[in-house]
Amino acid sequence: MRHILGKPGLRDGCVGIGLLLAAIALILWPAQTSQAVREGLELCGNVIIPALFPFFLLSSLVVELGLSRYLGRVLAPVMVPLFRVNGTCAAALALGAVGGYPVGARTAIQLYQNGQCSKTEAERLLAFCNNCGPAFILGVVGSGIFGDKRAGLLLYAAHLLASLLVGILFRFYKADEEPGRTSAASTQFQTVRFPAAFTRAVAGSLQSCLNISAFILCFSVILRLLTLSGLLNLGASLLSALLSPLGLDRIWAQRLISGLLELSSGVSSLVDGSTAGRLSMAAFMLGWAGVSVHCQVLVFLADSGLSIGTYMTGKLLHGGLSALITSVLARLCALELPAAFYLTEQTQAITNLSLNHILVLSAVSACWLWLGFLLLALFGAKKR
(Lines give C-alpha, C1' and ligand atoms only; values in the text may rest on other atoms or scores of the structure.)
Protein backbone atom coordinates (compact mmCIF):
# COMPACT_ATOMS: atom_id res chain seq x y z
CA MET A 1 0.00 0.00 0.00
CA ARG A 2 2.78 2.42 0.88
CA HIS A 3 4.54 1.60 -2.42
CA ILE A 4 1.36 2.26 -4.39
CA LEU A 5 0.56 5.55 -2.66
CA GLY A 6 4.19 6.60 -3.10
CA LYS A 7 3.55 7.05 -6.83
CA PRO A 8 2.44 10.65 -7.45
CA GLY A 9 -0.06 9.77 -10.18
CA LEU A 10 -1.87 7.12 -8.17
CA ARG A 11 -1.82 9.24 -5.01
CA ASP A 12 -3.30 12.25 -6.81
CA GLY A 13 -5.90 10.00 -8.43
CA CYS A 14 -6.99 8.60 -5.05
CA VAL A 15 -7.21 12.10 -3.60
CA GLY A 16 -9.25 13.28 -6.58
CA ILE A 17 -11.68 10.36 -6.32
CA GLY A 18 -12.04 10.96 -2.59
CA LEU A 19 -12.82 14.65 -3.10
CA LEU A 20 -15.34 13.82 -5.84
CA LEU A 21 -17.14 11.33 -3.59
CA ALA A 22 -17.15 13.89 -0.77
CA ALA A 23 -18.71 16.50 -3.08
CA ILE A 24 -21.39 14.00 -4.16
CA ALA A 25 -22.12 13.17 -0.51
CA LEU A 26 -22.54 16.85 0.32
CA ILE A 27 -25.03 17.19 -2.55
CA LEU A 28 -26.98 14.09 -1.49
CA TRP A 29 -27.25 14.97 2.20
CA PRO A 30 -27.15 18.78 2.56
CA ALA A 31 -29.57 18.93 5.51
CA GLN A 32 -27.72 16.27 7.50
CA THR A 33 -24.39 17.97 6.80
CA SER A 34 -25.73 21.31 8.00
CA GLN A 35 -27.04 19.66 11.15
CA ALA A 36 -23.61 18.13 11.81
CA VAL A 37 -22.00 21.57 11.47
CA ARG A 38 -24.54 23.09 13.87
CA GLU A 39 -23.88 20.37 16.44
CA GLY A 40 -20.15 20.92 16.06
CA LEU A 41 -20.58 24.67 16.58
CA GLU A 42 -22.62 24.02 19.73
CA LEU A 43 -19.89 21.72 21.03
CA CYS A 44 -17.20 24.32 20.31
CA GLY A 45 -19.17 27.25 21.72
CA ASN A 46 -20.46 25.51 24.86
CA VAL A 47 -17.54 23.25 25.77
CA ILE A 48 -14.33 23.50 23.73
CA ILE A 49 -13.56 27.24 23.64
CA PRO A 50 -14.64 28.01 27.24
CA ALA A 51 -12.66 25.04 28.54
CA LEU A 52 -9.46 25.59 26.55
CA PHE A 53 -9.06 29.37 26.21
CA PRO A 54 -8.10 30.07 29.87
CA PHE A 55 -5.53 27.28 29.83
CA PHE A 56 -4.05 28.37 26.49
CA LEU A 57 -3.68 31.85 27.96
CA LEU A 58 -2.16 30.47 31.16
CA SER A 59 0.31 28.22 29.36
CA SER A 60 1.51 31.08 27.16
CA LEU A 61 2.08 33.36 30.15
CA VAL A 62 3.88 30.64 32.14
CA VAL A 63 6.31 30.09 29.27
CA GLU A 64 6.70 33.69 28.07
CA LEU A 65 7.27 35.17 31.54
CA GLY A 66 9.79 32.51 32.49
CA LEU A 67 7.88 31.00 35.42
CA SER A 68 8.70 27.55 34.08
CA ARG A 69 12.42 28.22 34.67
CA TYR A 70 11.79 28.80 38.37
CA LEU A 71 9.58 25.73 38.48
CA GLY A 72 12.45 23.80 36.97
CA ARG A 73 14.70 24.49 39.91
CA VAL A 74 12.07 23.21 42.34
CA LEU A 75 10.80 20.20 40.39
CA ALA A 76 14.02 18.98 38.77
CA PRO A 77 14.54 16.30 41.49
CA VAL A 78 11.26 14.73 40.35
CA MET A 79 11.29 15.27 36.57
CA VAL A 80 14.90 14.28 35.90
CA PRO A 81 14.96 10.78 37.47
CA LEU A 82 11.42 9.82 36.41
CA PHE A 83 11.13 11.18 32.87
CA ARG A 84 14.71 12.30 32.06
CA VAL A 85 13.58 15.84 31.26
CA ASN A 86 14.52 19.06 33.05
CA GLY A 87 12.28 20.64 35.68
CA THR A 88 10.80 23.31 33.40
CA CYS A 89 8.96 20.54 31.57
CA ALA A 90 6.73 20.12 34.65
CA ALA A 91 4.66 23.05 33.33
CA ALA A 92 3.64 21.03 30.26
CA LEU A 93 2.81 17.98 32.40
CA ALA A 94 0.66 19.97 34.87
CA LEU A 95 -1.16 22.00 32.22
CA GLY A 96 -1.77 18.91 30.10
CA ALA A 97 -3.25 17.01 33.03
CA VAL A 98 -5.66 19.82 34.02
CA GLY A 99 -6.27 21.80 30.81
CA GLY A 100 -7.04 18.95 28.42
CA TYR A 101 -6.16 18.40 24.76
CA PRO A 102 -4.05 19.94 23.25
CA VAL A 103 -2.80 22.29 26.00
CA GLY A 104 0.01 19.97 27.12
CA ALA A 105 1.35 19.46 23.60
CA ARG A 106 1.19 23.18 22.84
CA THR A 107 3.08 23.99 26.05
CA ALA A 108 5.77 21.41 25.30
CA ILE A 109 6.28 22.87 21.82
CA GLN A 110 6.46 26.40 23.26
CA LEU A 111 9.09 25.32 25.78
CA TYR A 112 11.21 23.90 22.96
CA GLN A 113 10.75 26.88 20.65
CA ASN A 114 11.70 29.27 23.48
CA GLY A 115 14.85 27.31 24.26
CA GLN A 116 13.78 26.01 27.66
CA CYS A 117 14.18 22.34 26.77
CA SER A 118 16.07 20.33 24.18
CA LYS A 119 14.52 18.68 21.13
CA THR A 120 14.76 15.22 22.70
CA GLU A 121 13.10 16.42 25.90
CA ALA A 122 10.27 18.03 23.94
CA GLU A 123 9.68 14.80 22.00
CA ARG A 124 9.60 12.84 25.25
CA LEU A 125 7.09 15.32 26.63
CA LEU A 126 4.84 15.07 23.58
CA ALA A 127 4.53 11.33 24.12
CA PHE A 128 2.80 11.67 27.49
CA CYS A 129 1.80 15.26 28.38
CA ASN A 130 -1.13 15.72 25.94
CA ASN A 131 -3.95 14.39 28.13
CA CYS A 132 -7.70 14.72 28.53
CA GLY A 133 -8.86 17.24 31.13
CA PRO A 134 -10.82 16.30 34.26
CA ALA A 135 -13.86 18.37 33.21
CA PHE A 136 -14.45 16.15 30.16
CA ILE A 137 -13.71 12.81 31.85
CA LEU A 138 -15.53 13.48 35.13
CA GLY A 139 -18.40 15.57 33.78
CA VAL A 140 -19.09 14.46 30.21
CA VAL A 141 -17.90 10.84 30.24
CA GLY A 142 -18.47 9.87 33.87
CA SER A 143 -21.73 11.64 34.70
CA GLY A 144 -23.07 12.22 31.18
CA ILE A 145 -22.22 8.99 29.33
CA PHE A 146 -21.99 6.38 32.09
CA GLY A 147 -24.33 8.05 34.57
CA ASP A 148 -21.98 7.51 37.52
CA LYS A 149 -19.29 9.83 38.91
CA ARG A 150 -17.33 6.80 40.10
CA ALA A 151 -16.78 5.80 36.49
CA GLY A 152 -15.32 9.23 35.75
CA LEU A 153 -12.97 9.01 38.74
CA LEU A 154 -11.82 5.53 37.72
CA LEU A 155 -11.22 6.60 34.11
CA TYR A 156 -9.35 9.75 35.15
CA ALA A 157 -7.12 7.84 37.59
CA ALA A 158 -6.31 5.23 34.94
CA HIS A 159 -5.74 7.98 32.36
CA LEU A 160 -3.19 9.81 34.50
CA LEU A 161 -1.46 6.63 35.67
CA ALA A 162 -1.08 5.42 32.07
CA SER A 163 0.28 8.83 31.08
CA LEU A 164 2.96 8.68 33.78
CA LEU A 165 3.88 5.13 32.75
CA VAL A 166 4.31 6.27 29.14
CA GLY A 167 6.55 9.09 30.37
CA ILE A 168 8.69 6.64 32.33
CA LEU A 169 9.00 4.36 29.30
CA PHE A 170 9.98 7.27 27.04
CA ARG A 171 12.80 8.26 29.37
CA PHE A 172 14.76 5.63 27.39
CA TYR A 173 14.02 7.42 24.09
CA LYS A 174 17.40 8.57 22.72
CA ALA A 175 19.00 7.58 26.01
CA ASP A 176 22.50 8.12 24.59
CA GLU A 177 22.06 11.92 24.39
CA GLU A 178 24.84 13.55 26.32
CA PRO A 179 23.98 15.19 29.64
CA GLY A 180 24.28 18.96 30.02
CA ARG A 181 22.54 19.74 26.75
CA THR A 182 19.39 20.75 28.59
CA SER A 183 21.04 23.42 30.70
CA ALA A 184 22.70 24.85 27.61
CA ALA A 185 19.35 25.12 25.89
CA SER A 186 17.65 26.78 28.82
CA THR A 187 20.18 29.65 28.92
CA GLN A 188 19.07 30.81 25.46
CA PHE A 189 15.64 31.88 26.72
CA GLN A 190 14.90 35.55 27.32
CA THR A 191 11.77 36.68 29.16
CA VAL A 192 9.56 39.48 27.84
CA ARG A 193 7.62 42.24 29.60
CA PHE A 194 4.14 41.42 30.85
CA PRO A 195 2.19 43.72 28.42
CA ALA A 196 3.86 42.14 25.40
CA ALA A 197 3.47 38.62 26.79
CA PHE A 198 -0.20 39.18 27.68
CA THR A 199 -1.27 40.61 24.30
CA ARG A 200 0.62 37.90 22.45
CA ALA A 201 -0.90 35.20 24.69
CA VAL A 202 -4.47 36.44 24.16
CA ALA A 203 -4.14 36.62 20.38
CA GLY A 204 -2.37 33.25 20.17
CA SER A 205 -4.92 31.55 22.45
CA LEU A 206 -7.84 32.72 20.36
CA GLN A 207 -6.13 31.57 17.16
CA SER A 208 -5.45 28.16 18.72
CA CYS A 209 -9.11 27.81 19.76
CA LEU A 210 -10.27 28.68 16.24
CA ASN A 211 -7.91 26.09 14.72
CA ILE A 212 -9.22 23.42 17.08
CA SER A 213 -12.85 24.36 16.35
CA ALA A 214 -12.22 24.05 12.62
CA PHE A 215 -11.01 20.46 12.98
CA ILE A 216 -13.96 19.56 15.22
CA LEU A 217 -16.40 20.87 12.60
CA CYS A 218 -14.55 19.02 9.86
CA PHE A 219 -14.62 15.67 11.64
CA SER A 220 -18.26 16.14 12.69
CA VAL A 221 -19.16 16.35 9.00
CA ILE A 222 -16.85 13.46 8.03
CA LEU A 223 -18.37 11.11 10.61
CA ARG A 224 -21.91 12.07 9.60
CA LEU A 225 -21.18 11.42 5.91
CA LEU A 226 -19.45 8.11 6.68
CA THR A 227 -22.52 7.03 8.64
CA LEU A 228 -25.04 8.11 5.99
CA SER A 229 -23.10 6.53 3.13
CA GLY A 230 -22.73 3.20 4.91
CA LEU A 231 -18.94 3.32 4.80
CA LEU A 232 -18.75 3.30 8.59
CA ASN A 233 -20.78 0.09 8.74
CA LEU A 234 -18.64 -1.43 5.98
CA GLY A 235 -15.43 -0.55 7.80
CA ALA A 236 -16.87 -1.93 11.03
CA SER A 237 -17.75 -5.21 9.32
CA LEU A 238 -14.23 -5.57 7.93
CA LEU A 239 -12.64 -4.70 11.26
CA SER A 240 -14.86 -7.11 13.19
CA ALA A 241 -14.02 -9.90 10.74
CA LEU A 242 -10.33 -9.16 11.19
CA LEU A 243 -10.52 -9.01 14.99
CA SER A 244 -13.19 -11.67 15.53
CA PRO A 245 -10.70 -13.92 17.42
CA LEU A 246 -10.60 -11.15 20.07
CA GLY A 247 -14.39 -11.16 20.41
CA LEU A 248 -14.98 -7.83 18.64
CA ASP A 249 -18.37 -7.79 16.91
CA ARG A 250 -19.61 -5.27 14.33
CA ILE A 251 -21.24 -2.88 16.82
CA TRP A 252 -18.11 -2.66 18.98
CA ALA A 253 -15.99 -2.27 15.85
CA GLN A 254 -18.16 0.65 14.73
CA ARG A 255 -17.75 2.28 18.14
CA LEU A 256 -14.00 1.78 17.97
CA ILE A 257 -13.74 3.36 14.51
CA SER A 258 -15.79 6.36 15.66
CA GLY A 259 -13.51 6.81 18.69
CA LEU A 260 -10.37 6.45 16.60
CA LEU A 261 -11.57 9.33 14.42
CA GLU A 262 -13.32 11.64 16.90
CA LEU A 263 -13.31 11.23 20.68
CA SER A 264 -16.68 12.65 21.74
CA SER A 265 -18.55 10.64 19.09
CA GLY A 266 -16.76 7.48 20.14
CA VAL A 267 -17.40 7.71 23.88
CA SER A 268 -21.03 8.79 23.37
CA SER A 269 -21.66 5.54 21.46
CA LEU A 270 -20.83 3.38 24.50
CA VAL A 271 -24.48 3.07 25.50
CA ASP A 272 -24.76 -0.63 26.33
CA GLY A 273 -22.72 -3.76 26.88
CA SER A 274 -20.65 -5.07 29.75
CA THR A 275 -19.40 -2.54 32.27
CA ALA A 276 -15.76 -3.61 31.98
CA GLY A 277 -15.91 -3.57 28.17
CA ARG A 278 -17.49 -0.10 27.97
CA LEU A 279 -15.03 1.36 30.48
CA SER A 280 -12.00 -0.24 28.81
CA MET A 281 -12.97 1.03 25.36
CA ALA A 282 -13.67 4.50 26.76
CA ALA A 283 -10.24 4.45 28.43
CA PHE A 284 -8.57 3.51 25.13
CA MET A 285 -10.38 6.29 23.27
CA LEU A 286 -9.43 8.85 25.92
CA GLY A 287 -5.79 7.75 25.83
CA TRP A 288 -5.62 7.65 22.03
CA ALA A 289 -7.56 10.97 21.79
CA GLY A 290 -8.69 10.54 18.18
CA VAL A 291 -7.47 11.71 14.78
CA SER A 292 -9.30 15.01 15.28
CA VAL A 293 -7.15 15.83 18.33
CA HIS A 294 -4.01 14.68 16.52
CA CYS A 295 -4.76 17.09 13.68
CA GLN A 296 -5.11 19.86 16.26
CA VAL A 297 -1.67 18.98 17.64
CA LEU A 298 -0.17 18.82 14.14
CA VAL A 299 -1.08 22.49 13.68
CA PHE A 300 1.49 23.32 16.38
CA LEU A 301 3.91 20.53 15.40
CA ALA A 302 4.07 21.43 11.70
CA ASP A 303 6.93 23.95 11.81
CA SER A 304 8.58 22.84 15.04
CA GLY A 305 10.86 20.15 13.64
CA LEU A 306 9.79 17.70 16.35
CA SER A 307 9.02 14.06 15.57
CA ILE A 308 5.39 13.27 14.78
CA GLY A 309 6.08 9.54 15.07
CA THR A 310 7.13 9.88 18.71
CA TYR A 311 3.90 11.67 19.55
CA MET A 312 1.71 9.11 17.75
CA THR A 313 3.54 6.17 19.33
CA GLY A 314 3.07 7.67 22.77
CA LYS A 315 -0.68 8.21 22.25
CA LEU A 316 -1.19 4.66 20.99
CA LEU A 317 0.72 3.29 23.97
CA HIS A 318 -1.27 5.58 26.28
CA GLY A 319 -4.54 4.20 24.94
CA GLY A 320 -3.47 0.57 25.37
CA LEU A 321 -2.16 1.06 28.91
CA SER A 322 -5.28 3.04 29.90
CA ALA A 323 -7.55 0.23 28.70
CA LEU A 324 -5.49 -2.38 30.56
CA ILE A 325 -5.41 -0.42 33.82
CA THR A 326 -9.12 0.40 33.60
CA SER A 327 -10.03 -3.24 33.00
CA VAL A 328 -8.12 -4.27 36.13
CA LEU A 329 -9.57 -1.46 38.27
CA ALA A 330 -13.14 -2.14 37.09
CA ARG A 331 -12.87 -5.77 38.15
CA LEU A 332 -11.24 -4.92 41.47
CA CYS A 333 -13.89 -2.32 42.30
CA ALA A 334 -16.78 -4.51 41.05
CA LEU A 335 -18.31 -1.41 39.46
CA GLU A 336 -21.76 -1.81 37.91
CA LEU A 337 -23.08 1.02 35.75
CA PRO A 338 -26.51 1.71 34.28
CA ALA A 339 -26.86 1.20 30.54
CA ALA A 340 -28.06 4.17 28.49
CA PHE A 341 -30.29 3.42 25.54
CA TYR A 342 -30.78 6.83 23.94
CA LEU A 343 -27.71 7.82 21.99
CA THR A 344 -29.30 11.09 20.86
CA GLU A 345 -29.82 12.22 24.43
CA GLN A 346 -26.25 11.29 25.32
CA THR A 347 -24.88 13.31 22.41
CA GLN A 348 -27.06 16.29 23.29
CA ALA A 349 -25.82 16.08 26.88
CA ILE A 350 -22.35 16.88 25.54
CA THR A 351 -23.31 19.73 23.21
CA ASN A 352 -25.84 21.39 25.52
CA LEU A 353 -23.67 21.80 28.59
CA SER A 354 -23.98 25.21 30.22
CA LEU A 355 -21.59 27.78 28.77
CA ASN A 356 -21.36 29.63 32.07
CA HIS A 357 -20.65 26.42 34.02
CA ILE A 358 -17.83 25.33 31.71
CA LEU A 359 -16.31 28.82 31.53
CA VAL A 360 -16.37 29.36 35.30
CA LEU A 361 -14.98 25.88 36.02
CA SER A 362 -12.18 26.30 33.49
CA ALA A 363 -11.29 29.84 34.60
CA VAL A 364 -11.25 28.94 38.30
CA SER A 365 -9.07 25.87 37.62
CA ALA A 366 -6.68 27.99 35.56
CA CYS A 367 -6.47 30.62 38.32
CA TRP A 368 -5.68 28.04 40.99
CA LEU A 369 -3.07 26.47 38.74
CA TRP A 370 -1.59 29.93 38.04
CA LEU A 371 -1.42 30.59 41.79
CA GLY A 372 0.36 27.28 42.32
CA PHE A 373 2.88 28.08 39.56
CA LEU A 374 3.46 31.53 41.04
CA LEU A 375 4.09 30.20 44.56
CA LEU A 376 6.49 27.56 43.26
CA ALA A 377 8.26 30.19 41.16
CA LEU A 378 8.65 32.47 44.18
CA PHE A 379 9.96 29.55 46.20
CA GLY A 380 12.46 28.74 43.44
CA ALA A 381 13.58 32.36 43.19
CA LYS A 382 14.02 32.60 46.95
CA LYS A 383 15.92 29.30 47.01
CA ARG A 384 18.21 30.58 44.25
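Helices are taken here as DSSP runs of H or I of at least four residues, numbered from the N terminus, and in this predicted model residue S240 lies in one of them, helix α12, which covers residues 231-242. S240 is buried, because its relative accessible area of 11% falls under the 20% limit used for that class. Leaving aside residues up to four places away in sequence, S240 touches L248, D249, R250 and A253.

Considered as a whole, the secondary structure of the protein comes to 19 helices and 0 strands. Of its 384 residues, 48% count as buried. When contacts between residues at least 6 apart in sequence are considered, 79% of them join residues that are at least 24 apart.

One helix pair can be described in detail. Helix α11, which spans residues 194-229, packs with helix α16, residues 291-301, at an angle of about 145°, and the two axes are 9 Å apart. The crossing in which α11 passes α16 is right-handed. On the side of α11, the contact is made by S208, N211, I212, F215, I216 and F219, and these residues meet V291, S292, C295, Q296, V299 and F300 of α16. The residues of this contact divide into 8 nonpolar and 4 polar, with no charged residue among them. As a general point, an α-helix has 3.6 residues a turn, so residues three or four places apart point the same way.

The loop that leads from α15 to α16 contains A289. The phi of A289 is near 85°, a positive value in a residue other than glycine. In general, most residues other than glycine have a negative phi. A289 counts as buried, since its relative accessibility is 0%.

A second residue with a positive phi, R84, is placed in the loop between α4 (67-83) and α5. For R84, which is likewise not a glycine, phi is near 60°. R84 is partly exposed, because its relative accessible area is 26%, a value that lies between the limits of 20% for buried and 50% for exposed residues. The helix that follows this loop, α5, comprises residues 90-99 and is mostly covered, with 8 of its 10 residues buried. The buried residues of α5 are A90, A91, A92, L93, L95, G96, A97 and G99. Just after α5, the glycine G100 takes a positive phi of about 90°.

Several residues are brought together in space although they are far apart along the chain. V271, found in the loop between α14 (263-268) and α15 (275-288), is 126 residues from I145 in sequence, while the C-alpha atoms of the two are separated by 7.4 Å. V271 is buried, as its relative accessible area of 12% indicates. R38, whose place is in helix α3 (residues 30-64), is paired in a comparable way with L217: the two are 179 residues apart along the chain, and their C-alpha atoms are separated by 8.5 Å. R38 is partly exposed, with a relative accessible area of 44%. R193, in the loop between α10 (181-186) and α11, lies 7.3 Å from L65, C-alpha to C-alpha, across a sequence separation of 128 residues. At 71% relative accessibility, R193 counts as exposed, because the value is over the 50% limit for that class.

Arginine side chains also lie over aromatic rings at two sites. The charged end of R255 sits over the ring of W252, at 4.6 Å from the ring centre. R171 lies over the face of F172, and here the distance from the ring centre is 5.4 Å.

Key: Residues numbered from 1 in each chain as written. Predicted model: local features only at pLDDT ≥ 70, side-chain atom pairs only at ≥ 80, totals over all residues. Heavy atoms only, no water. Axes fitted to C-alpha atoms, helices over the stretch in contact; angles between N-to-C directions. Helix = DSSP H or I, 4+ residues; strand = E, 2+ residues; numbered from the N terminus. Left-handed = near helix turned anticlockwise from the far one by under 90°. Contact = heavy atoms within 4.5 Å. Nonpolar A, V, L, I, M, F, W, Y, C, P; charged D, E, K, R; others polar. Buried < 20%, exposed > 50% of the residue type's maximum accessible area, 1.4 Å probe, protein only. Lys NZ or Arg CZ within 6 Å of the ring centre and 35° of its normal.
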